[in-house]
Amino acid sequence: IDSLQQVKFIITIFRLSLINVKIAAEENMPITIRQLEIFNAVVESGQVTKAAKNLLISQSAVSLALNEMENQLGGPLFDRTARCLELNDRGRYLLPLGREILDKLENLDHLMNEKDGQFAGTLHLVASSTVGNYVLPYLITAFKNLHPDVFFKMLVSNTTTSEQLVMDRAVDLAFVEGEVHNEQIVTMEWFQDELVLITRPINNSEEEVTCTLATDIKEYEWIMRESGSGTAQTFKRKLGKFITDLHVSMELGHTEAIKKAVEAGAGIACLSNLTVCKEIDAKRLQEIKIKDLDMKRQLFILQHKNRTQTRLISEFLDFCLLLSQCKEGQACLTSPENLEKLVKQFIYGP
């Protein structure tokens, strides 16, 4: 048996032994890895029926596993309602511990199955709206061209929710627009982005529209992103004391909804240039320049500090950071099309 086979044999024994790992419980009964997988699937889906479908097992098998877990742990893990299961305080305590064990098993599989220059596995990502809809799809596609056996699962949410998903170990990496200050999270600087004010085109005017904070900002009707949005957080911080002058007529939870409301004449808004450059070029929206205010902002990549850094995660991180560090990478964020050209050049050459 060569050294690699020996290591695989040891890992197999280790994995089997984990089945008998004891999680602190009143009766000190063993909780199996399969039970943890079923518990995690129920948490993610919120329903026994959906969890059973995702795991390709029967609904009764899921219910039996949950009942056995709760008996072994000396009490319920969920509050049961007519439509779904919601974690109680005991379940919320167990969730990060169970996910840590499942993460370590997944990392072992990745480490043992990755060959030189080849990667396989699943990356769980979450991204705030601008990054998730206008940046990451290009990078994910490019990475899959290089490593076709890698599978991606990505959620799009705001910065606050993304931070919580990292804390819960529900994702490997988060890509966000707002600042995060949490000692459990490693924050890496990524691209720089620029925010712009947008309005409905004014009488088809070709002239540049400008405003000043002290006198003009309070004259507009504002459409804002929801609380927790990195874009809203950054814009409010840049306005400083003038934030109290804003007359906010509505808050919307999606970039596209905001753009449509502005096009319809409901007010003005502040969004990333990435999200509105097409509409500005097509003259469906018009930019308003703010005098003497730097609208650039930093985008960040987040990772839990105790998350094991597999070769797959490291490779994807290096790929994302390499593109952002080159001069062309910074310039490409003027539009998604420029980003796509850069990615293709990166893969296929000039």
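This report walks through a predicted model of a protein, from its overall make-up to a pocket, two helices and a few single residues.

**The whole protein**

Let's start with the big picture. The protein has 350 residues, and 46% of them are buried. Its secondary structure comes to 14 helices and twelve strands. If you take contacts between residues at least 6 apart in sequence, 75% of them join residues at least 24 apart.

**The largest pocket**

Next, have a look at the open space. The largest pocket holds about 1100 Å³. It is lined by 32 residues, and the ones closest to its centre are N40, E44, H124, K153 and A170. By type, the lining splits into 14 nonpolar, five polar and 13 charged residues.

Which helix gives the most to this lining? That's α5, with ten residues. Several elements put in at least two residues each: the helices α2 (33-45), α3 (48-55) and α5 (89-113), along with the strands β3 (121-127) and β4 (150-156).

**Helix α3**

One of those pocket-lining helices, α3, is worth a look of its own. Its buried residues are V48, A51 and A52. Around the helix axis they cover an arc of only 100°, so they sit on the same side of α3. An α-helix has 3.6 residues a turn, so residues three or four places apart point the same way.

What do the buried residues of α3 pack against? Their partners are α2, α4 and β2 (85-87). Turn to the face pointing away from that buried side and you'll find K53 and N54, both exposed. After the helix comes L56, with a positive phi near 60°.

**Helix α4**

Now for α4, one of the partners of α3's buried residues. This helix runs over residues 59-72, which makes 14 residues, and spans 20 Å from its first C-alpha to its last, close to the 20 Å expected at 1.5 Å a residue. V62, A65, L66, M69, E70 and Q72 are its buried residues. Looking down the axis of α4, you'd see these buried residues fall within an arc of 165°, so they line one face of the helix. S60 and N71 are exposed on the other side. Just after α4 comes G74, where phi is positive at about 80°.

**Two more residues with positive phi**

Most residues other than glycine have a negative phi. R169 and K283 are two non-glycine residues where phi is positive, as the table shows.

| Residue | Phi | Loop | Relative accessible area |
|---|---|---|---|
| R169 | near 60° | between α8 (159-167) and β5 (173-176) | 10% |
| K283 | near 65° | between α11 (273-281) and β11 (286-290) | 53% |

Are they buried or exposed? R169 is buried, because its 10% falls under the 20% cut-off. K283 is exposed, because its 53% is over 50%.

**A link along the chain**

Finally, find K238 in helix α9 (residues 230-239). Leaving aside residues up to four places away in sequence, what does K238 touch? The residues are L293, D294, M295 and K296. K238 and L293 are 55 residues apart along the chain, yet 7.8 Å separates their C-alpha atoms.

Methods: Residues are numbered from 1 along each chain as its sequence is written. This is a predicted model: local features need pLDDT of at least 70, side-chain atom pairs count only at pLDDT 80 or more; totals for chains, interfaces and linings use all residues. Side-chain values use heavy atoms; hydrogens and water are left out. Helices (H or I, at least four residues) and strands (E, at least two) are DSSP runs, numbered from the N terminus. The expected span of a helix is 1.5 Å times one less than its number of residues. Buried means under 20% relative accessible area, exposed over 50%, partly exposed in between (1.4 Å probe, protein chains only). The arc is that of the directions from the helix axis to the C-beta atoms. On a 1 Å grid over the protein atoms alone, a cavity is a set of points where a 1.4 Å probe fits but cannot get out, and a pocket is an open set with protein on both sides within 12 Å along at least five of seven lines; lining residues have an atom within 4 Å of a point. Grid points are joined across faces, edges and corners, and a volume is the space filled by probe spheres set on the points. Ala, Val, Leu, Ile, Met, Phe, Trp, Tyr, Cys and Pro count as nonpolar, Asp, Glu, Lys and Arg as charged, and the others, Gly among them, as polar. Contact means heavy atoms within 4.5 Å.
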